[in-house]
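Trainee: I would like a close look at a single part of this model, set against the rest of the chain. Please take me through it in one connected account.

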Amino acid sequence: MITEKFRRQLRKETKLWQTEGLIDDILYQQLSERYQFDCLEKAASSRFITILISLGSMLLGLGIITFVSANWQEWSREVKTLLLLTLFIGVNTVGFYLWRQQNTLLNTTNKKPKLGHGLLIFGALILGANIALMAQMFHIGGSPYGLYIVWGLGVLVMAYSLQITSLGIMAILLIGLGYFMGLSTVFSPGEFSWLQFIIEYMSLVGVLLFIPLAYLRNSRIIFFLSILIILIALEISLFLVFNLSNHGLWGAIALVLPPALLWGYDDIILPKIDSRIFQPLARNLAIWYLSIGFFLISFRGFWQNFSLEYYFGESLEVQWLTLAEVLIFVGLTVTEWLFLARPNQRDSQSWRLDLVSGIVLGLIVVTAILCFWHLSINEIPEIATFIINIEMFLLAAGLIRIGLARGNRGTFWGGLVLLTLQIVSRTFEYNTGLLLKSFVLILCGVGVIVAGLWYERHLSIDNK
């Protein structure tokens, strides 16, 4: 992407070249037209005007807020309601008008005016203030998490209607904040309400409300935030079912379902989607989940304490809808992997996975079997710790191998860091002498430096 800083520097250099006679006027004119040197001053003027208008709007807003605060207690409830609605409708109307207009004064690059965009975001903030003040004026009780969820749902409607990515991000953050604030109600449920329903089944709610917006806006940020909230809510539902059933099968599913769901995700399985927009991001998240998960459960203490009573203590009541929610995601994961291993057009009888997917599936299946055996048949903390460390080593080695083959620095360094963490953590976990620990740390440090230098040299040779 060509930045404005580069264009300014290029304009300065080309003028110098023209003065020194290195290029003629025709070449300078061609460069000027190609990199739009004439638009640089217009863009600077546009930003200056935008800053002035934004600063003036902030001062105007502060003045209005101060005026309202000074007279708020003296006004009747009807006047307050009318003022709040007028402010909300007025700001959003002006913002929508400016957002749709191609104003040449503020928009020299044929993009949607930033001022209108800012007013729409300001209008979304006013929506939250209106909800809180209306509830206070009309003595409507409620919890703080309910305010954030209702506010987020309102902003989400604005995001779908206007198709603005920033409003979608704001809506997901607000709903996510409300969800985490009200998460305690999942473990101590009270009177059932629609807000309680959203919190208890946030994973399904997130799939229905957030994921379509990510595709509508083609936004990786919205998809990433949506997946984070969905996975956290799904894990809570999984462990609630695990607690209710007291069976190792659900413990195994709770441990391996999220990475299996992420790795098997394929955009084209959805209707009217013909390109893999978010599959790479989902698979990167799956690798992150497996890496962090293997590191956490690679310690001997995890398997020694891995039991139902250690995590929950006493039984919790679980609704049948929670079980249905979990079964929906289990069915979705199975469908994804069947779609991933579907027969190709050349050989309609052959069901197969690619090598990387097969290895990931193997890691997931082995981990699930270990968890099931440990919880339901016989506790095997030593064997489970040993096998998980082998899986962690294979994952790290696989990431290093893929990073070398594809020239991907992030994958290579991720595998190297994971391998280093495994060696260092095992050294400090077990009762070893300081001399051995010192030797291991020095060896890891030298190994990381040598591997990094060799990789960069190998990558530079391949690029030549």
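**A nonpolar patch and its setting**

Mentor: Phe393 belongs to helix H19, which covers residues 381–406, and since the model is a predicted one, what follows describes the model as computed. Phe393 counts as partly exposed because its relative accessibility is 43%, between the 20% and 50% limits. Together with Phe386, Ile390 and Leu394, Phe393 makes a nonpolar surface patch of about 400 Å². As a background for that patch, the protein chain as a whole exposes about 26,800 Å², and carbon and sulfur atoms supply 67% of that area.

In soluble globular proteins, nonpolar side chains tend to be buried together. The interior of this model can be read with that in mind. The protein chain has 464 residues, of which 40% are buried, and its secondary structure consists of 21 helices and zero strands. The largest nonpolar core holds 89 residues, and those touching the most other members are Val155, Leu167, Met202, Phe223, Phe294 and Leu395. Helix H12, residues 220–245, gives this core its largest share, with 14 residues. A second core, separate from that one, has six residues, including Leu10, Ile23, Tyr35 and Phe37.

Two residues show the packing in more detail. Once neighbours within four places in sequence are set aside, Val155 is in contact with Ala124, Leu127, Leu167, Met170, Ala171 and Leu174. Leu234, for its part, lies in helix H12 and is buried, because its relative accessible area is 0%, which is under the 20% limit. With the neighbours within four places again left out, Leu234 is in contact with Ser203, Leu257, Leu261 and Phe329. Leu234 and Tyr201 are separated by 33 residues in sequence, while their C-alpha atoms are 8.3 Å apart in space. For the protein chain in general, if one takes the contacts between residues at least 6 apart in sequence, 69% of them join residues at least 24 apart.

Helix H4, residues 77–100, allows a check on geometry: with 24 residues at 1.5 Å a residue, H4 should span 34 Å, and its end C-alpha atoms are 34 Å apart, so the two values agree. The buried residues of H4 are Lys80, Thr81, Leu84, Val91, Asn92, Gly95, Leu98 and Trp99.

The loops deserve the same care. Asn218, in the loop between helix H11 (211–217) and H12, has a positive phi of about 55° although it is not a glycine. Lys272, likewise not a glycine, has a positive phi of about 65°, and its place is the loop between helix H13 (248–263) and helix H14 (279–297). Lys272 counts as exposed because its relative accessibility is 86%, over the 50% limit.

The structure holds one salt bridge, in which the side chains of Asp266 and Arg276 meet at 3.0 Å, N to O. Asp266 and Arg276 both sit in the loop between H13 and H14, ten residues apart. Asp266 is buried, because its relative accessible area of 2% is under 20%, whereas Arg276 is partly exposed, because its relative accessible area of 42% falls between 20% and 50%.

To return to the part you asked about, Phe393 is a partly exposed residue of helix H19, and its partners in the nonpolar surface patch are Phe386, Ile390 and Leu394.

Definitions and conventions:
Residues are numbered from 1 along each chain as its sequence is written. This is a predicted model: local features need pLDDT of at least 70, side-chain atom pairs count only at pLDDT 80 or more; totals for chains, interfaces and linings use all residues. Side-chain values use heavy atoms; hydrogens and water are left out. Patches are made of residues with over 30% relative accessible area and no salt bridge: like charges are joined within 9 Å, nonpolar side chains (Val, Leu, Ile, Met, Phe, Trp, Tyr) within 5 Å. Accessible areas come from the Shrake-Rupley method with a 1.4 Å probe; for residues, only the protein chains shown count as cover. A salt bridge is a side-chain nitrogen of Lys or Arg within 4 Å of a carboxyl oxygen of Asp or Glu. Helices (H or I, at least four residues) and strands (E, at least two) are DSSP runs, numbered from the N terminus. Buried means under 20% relative accessible area, exposed over 50%, partly exposed in between (1.4 Å probe, protein chains only). A nonpolar core is a set of buried Ala, Val, Leu, Ile, Met, Phe, Trp, Tyr and Cys residues joined through side-chain atoms within 4.5 Å. Contact means heavy atoms within 4.5 Å. The expected span of a helix is 1.5 Å times one less than its number of residues.
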